[in-house]
Structures are given as structure tokens and as C-alpha cells.
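Dear colleague,

Please find below the sequence and the structure that I am handing over to you. My notes on the findings follow directly after them.

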Amino acid sequence: MSKQFLKRRPSKLELRRARANADYHVYTHAVEGLTPFGTDQLKAAWIDTVRRRLPGAPATKFGPEIFHDIDVLSFAAMGNHPHLVLAQGDDPTAVSRFTGN
């Protein structure tokens with residue numbers, strides 16, 4: 001088999017670089033057995049926070065930044081960690097800013 005058909009594994013730096021028009025699976029885990037989403041009310045509050053940051057959310061004077069270049073494809077709030085599947089548009093910093101805020 002010719003080497004031209006073998007794909008090179010991307011470097012860590014290449015994997016960390018944000019890409020426009022890409023999808024990302026974002027998750028984190030709580031430490032030391034904590035359960036930040038231990039009740040349905042806490043899960044609902046987290047989901048509401050995510051929704052308030054997306055296009056179509058009602059504007060508030062002191063509300064968080066609205067991200068127009070992010071689509072939430074899927075989300076889940078497990079007992080000890082959240083999952084988001086985000087689609088990023090042309091702005092390669094949108095996912096980073098969305099999750100950082």
C-alpha cells in the first residue's frame with residue numbers, strides 16, 4: 001500500500017485548534033463524588049441556562065452573551081456531569097466562548 005493513502009494522526013496542537021463549521025462533543029465530570037445535577041430542578045436550571053444563551057432567547061439587560069454561531073444538536077444533564085453536542089458556524093471561537101462563559 002502506498003504511503004500517500006495512509007492518513008497521518010493529527011498532533012495534539014492540531015486537535016486543540018478550533019475549526020469553523022465543526023461539531024464538538026463537550027462534557028465534564030464533577031470531582032470527589034459531587035453531583036451538581038442530583039435533582040430534576042438542578043438539571044432543569046442548567047438546561048434553562050443553556051437555552052438562554054442561544055438565538056431566539058429573550059433579551060435581558062444584564063443577561064449573558066447570546067451566541068448566534070452555535071447550534072445545540074443534543075444535550076444531557078447526568079447526575080454528575082453534563083454533555084453537549086454543539087455545531088459551530090463560521091466563528092472558530094464560538095464553542096470556546098460558549099462553554100467558557
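**Findings in the model**

Q88 belongs to strand β3. The model is a predicted one, and this strand, covering residues 82–88, is where confidence in the protein chain is highest, with a mean of 87. Q88 is buried, because its relative accessible area is 4%, which falls under the 20% limit for that class. A polar atom of the Q88 side chain lies 2.8 Å from the backbone nitrogen of V95.

**The sheet around β3**

Strand β3 is the middle member of an open sheet of three strands, ordered β1-β3-β2, with antiparallel pairing. At the edges stand β1 (22–27) and β2 (70–77); each has a single partner strand, so one side of each has no neighbour in the sheet. On average, neighbouring strands are turned by 15 degrees against each other, if direction is ignored. Between the antiparallel strands β1 and β3 there are six bridges, and H25 stands opposite V85 of β3. Helix α2 (residues 40–51) packs on this sheet and touches β2 and β3. The direction of helix α2 makes about 175 degrees with that of β2.

**The loop after β3**

D90 is located in the loop that connects β3 with α3 (94–100). Is D90 buried or exposed? D90 counts as exposed, because its relative accessibility is 60% and the class begins over 50%. Setting aside residues up to four places away in sequence, D90 touches A20, N21 and D69. With N21 there is a polar contact between the two side chains, at 3.2 Å. D69 is 21 residues away from D90 in sequence, yet the C-alpha atoms of D90 and D69 are 7.0 Å apart in space.

**Confidence**

For the protein chain, the average pLDDT is 77, and 74% of the residues score at least 70. Where in the protein chain is confidence lowest? The lowest mean, 61, is found in helix α1 (residues 12–16). Where pLDDT is low, the predicted coordinates should not be read in detail. I would therefore ask you to keep this caution in mind when you look at such parts of a model.

With kind regards

Conventions. Residues numbered from 1 in each chain as written. Predicted model: local features only at pLDDT ≥ 70, side-chain atom pairs only at ≥ 80, totals over all residues. Heavy atoms only, no water. pLDDT = per-residue confidence, 0-100. Helix = DSSP H or I, 4+ residues; strand = E, 2+ residues; numbered from the N terminus. Buried < 20%, exposed > 50% of the residue type's maximum accessible area, 1.4 Å probe, protein only. Contact = heavy atoms within 4.5 Å. Polar contact = N/O pair within 3.5 Å; in protein donor to acceptor, adjacent residues only side chain to side chain. Pairing = 2+ DSSP bridges. Axes fitted to C-alpha atoms, helices over the stretch in contact; angles between N-to-C directions.
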